[in-house]
Amino acid sequence: MAQPDTKKIFFENLSGAGKAIAVLTSGGDAQGMNAAVRAVVRMGLYVGAKVYFIHEGYQGMVDGGDNIEEASWESVSSMLQVGGTVIGSARCKEFRSHEGRLKAAHNLVQRGITNLCVIGGDGSLTGANLFREEWSGLLSELVEQGLIEAKSVQKYSALHIVGMVGSIDNDFCGTDMTIGTDSALHRIIEVVDAIMTTAQSHQRTFVLEVMGRHCGYLALVSALACGADWVLIPEMPPDDGWEDKMCEKLSANRAGMKRLNIIIIAEGAIDQNNRPITTDYVKDLVVKNLGFDTRVTILGHVQRGGTPSAFDRILASRMGVEAVLALLETTANTPACVVSLSGNQSVRLPLMECVQMTQAVQKAMDEKRFEDAVKLRGRSFENNLKTYKLLAHRKPESELPVSNFNVAVLNVGAPAAGMNAAVRSAVRVGISEGHKMFAVSDGFEGFSKGQIKEIKWSDVGGWTGQGGSLLGTKRTLPAKHVEKIAQQMRQHNISALLVIGGFEALLSLLELQAARGRYDEFCVPMVMVPATVSNNVPGSDLSIGADTALNAITTTCDRIKQSASGTKRRVFIIETMGGYCGYLASVGGLASGADAAYIYEEPFDIKDLQANVEHLTEKMKTSIQRGLVLRNENSNDNYTTDFIYQLYSEEGRGVFDCRKNVLGHMQQGGAPSPFDRNFGTKISAKAMQWITNKLQETFRNGRVFANTEDSCCLLGMHRRALVFQPVVDLKDKTDFVHRIPKEQWWLKLRPLMKILAKYKTSYDVSDSGQLEHVVGSRPKELDAAVAM
């Protein structure tokens, strides 16, 4: 399939020859830092630069010697899946002094290093910027002291800084997600899911403390992801009298047959008077007022540990490559910048603008301007808070608006992790908007049979962490049951439809819209939310369920590669799902460090296979012990997984042996990832709010009548925003034969995988990040925020 016509620039035009780049990690460690280091090293070497590790952060820069070590391609092998930072991190008091920075400058100049990639938090990045500003003065001092020659001042006149934010707290303004945050959320949710089973057994209340001394992101998002009863964060202290309200809520939930309560507290949680709220205080409160059996769990450094998630590996890899590009393009007048993602787009932001915004949040909290603090955190944080309040705290019946509209929600297509979180969100938002919500079992087949029942607020309690589809889902399209479905719509007085599903959901809406001319029952607002592991729905860059599948693939690949440790050289051929869409194979390959990924969208022939085998053979002869090759299930009718396995086995004889694995439906199963829980929750809430607006717009003369194209939409994430698109407009963007979009953004990531696997290739830099300003850099609709 032809890729979009974009400007491709070869790295001969962005040469790093003669340049030296150093990479260091500083401050607290975060999962994914190693992936960033690996990407910086390999991209730097790829463009012809010398790359150095600086061990132990700024302390290593000050001490010099063996702490500054030249990196090779092989030196970053097998570190992608390792948590923490293998080059070490340390807090350095000496670097805060002028004398310490003078020593650091001397150590860098001795090695010709004038390009620094700093991975750390706001303190680390602020220190790097100060170092950059003092650079010329430091060199002059070194000349005066006779430590360097005068010509070195001219040769190394400018120090260039690019930062990547590594922090599990996600406390850095200007970026949607910092490296390590998603992995920390994985650790938290794993613990919460485990605790919920034991809590339910004994009807207990659990009070959990998560990290976040100055930022409540982890607490807030984990509360959203697990449906916690109460959350306490530093940015939004509870109103006076919150203790009684919390106890009322816990008691009401128990009265509603709920056997457990979960309260999540950020370690920096405070009340309106800036006094800390501790886990013991909350526990004692619950025991005293309610008499509930209550336990405290403090997660601590568990949140920093473990392997990085697929998201963090991809984020860190993309940012590492982007950091090297930024260093290649920088000039003496370019301000120090940080690289990050907004939506799924690369952005570069002035470092000090981000730091000042981050510091402004703390200042607002100190001055008790808590609403300002929430806004300064960004639209993503603000939207998370609004969504949590909407879903966790039910309004009394007397306060609910009365709409008299019946809204049906159903799942269509194959199951995808996160579907249940989307249904829960839709039901509770719908009830909050005054609608009567109806659940349809088994998709449109169930709809035609009348498998429709009203669903209440409490019916969806505990659904966020459940995999699969609790409503039941089938691939059946509505066309052959259209008359019966219309009859059921009329019988239940359904005024709007929310369809959660994959490609079949899109086809279903197209069929229902076409049937509007024959059946007035379908002249109602209809919206679909994409949910499929294949991520093949046009109109949305991401689908619910794809992140969980990616994590399943990545975790399995890690284990498969580890199985070969200590044995002879081995290559694994792994088949992934996805139909004709190569998203899982390509992005899974990037996250797991694959050497190749075969997909339908990028045709390949026997020459390509042979070239891949030869490339892998050459690498195996040096020091690489394990190889990984992914193949999308429908990438080619003739070059099957068996064929590729046999080819590699034969051509690699004497150098490596081969094994093959078909991952199958394990990619569809399991508990949804934090990303999918939150993406499903937020996108479904937005879809329900759209339905409410459309119902109000189209209600005339005692009935709803909506037959315009914009009343039948898909809600998807496009670049940096959540966007509603009429499904008829998506026809021209869709390859219906192969059930994929004609243009797919992730194809631009494939060269990254090839570059990091040491292939010579071209890389499209037309879409690389451009320097923006923090204030005003976000579009109005940016509540996508990588769905997190």
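**Exercise 1.** In this predicted model, classify Asp293 as buried, partly exposed or exposed, and find its salt-bridge partner.

*Solution.* Start with the area. Asp293 has a relative accessible area of 31%. Buried means under 20% and exposed means over 50%, so Asp293 is partly exposed. Next, the partner. Asp293 forms a salt bridge with the side chain of Arg295, at 2.5 Å from N to O. Arg295 is also partly exposed, at 34% relative accessibility. Last, the wider setting. A network of salt bridges links Asp293 and Arg295 with Arg204.

**Exercise 2.** Find which elements are joined by the salt bridge between Arg101 and Glu134.

*Solution.* Take the distance: the two side chains meet at 2.7 Å, N to O. Then place the residues. Arg101 sits in helix α3 (residues 98-110) and Glu134 in helix α4 (residues 122-144), so the bridge ties together parts 33 residues apart in sequence. Arg101 is buried, with 6% relative accessibility.

**Exercise 3.** Locate Arg570 and Asp657 in the secondary structure, and decide whether they are buried or exposed.

*Solution.* The closest N and O atoms of this salt bridge are 3.0 Å apart. Arg570 belongs to strand β18 (residues 570-576), and Asp657 to strand β21 (residues 657-662). The pair therefore links distant parts of the chain, 87 residues apart. Both residues are buried. For the whole structure, the count of salt bridges is 32.

**Exercise 4.** Describe the surroundings of Thr387.

*Solution.* Thr387 lies in helix α13 (residues 379-392). Its relative accessible area is 6%, so Thr387 is buried. Leaving out residues up to four places away in sequence, Thr387 touches Leu224, Thr681 and Lys682.

Definitions and conventions: Residues numbered from 1 in each chain as written. Predicted model: local features only at pLDDT ≥ 70, side-chain atom pairs only at ≥ 80, totals over all residues. Heavy atoms only, no water. Helix = DSSP H or I, 4+ residues; strand = E, 2+ residues; numbered from the N terminus. Buried < 20%, exposed > 50% of the residue type's maximum accessible area, 1.4 Å probe, protein only. Contact = heavy atoms within 4.5 Å. Salt bridge = Lys/Arg side-chain N within 4 Å of Asp/Glu carboxyl O.
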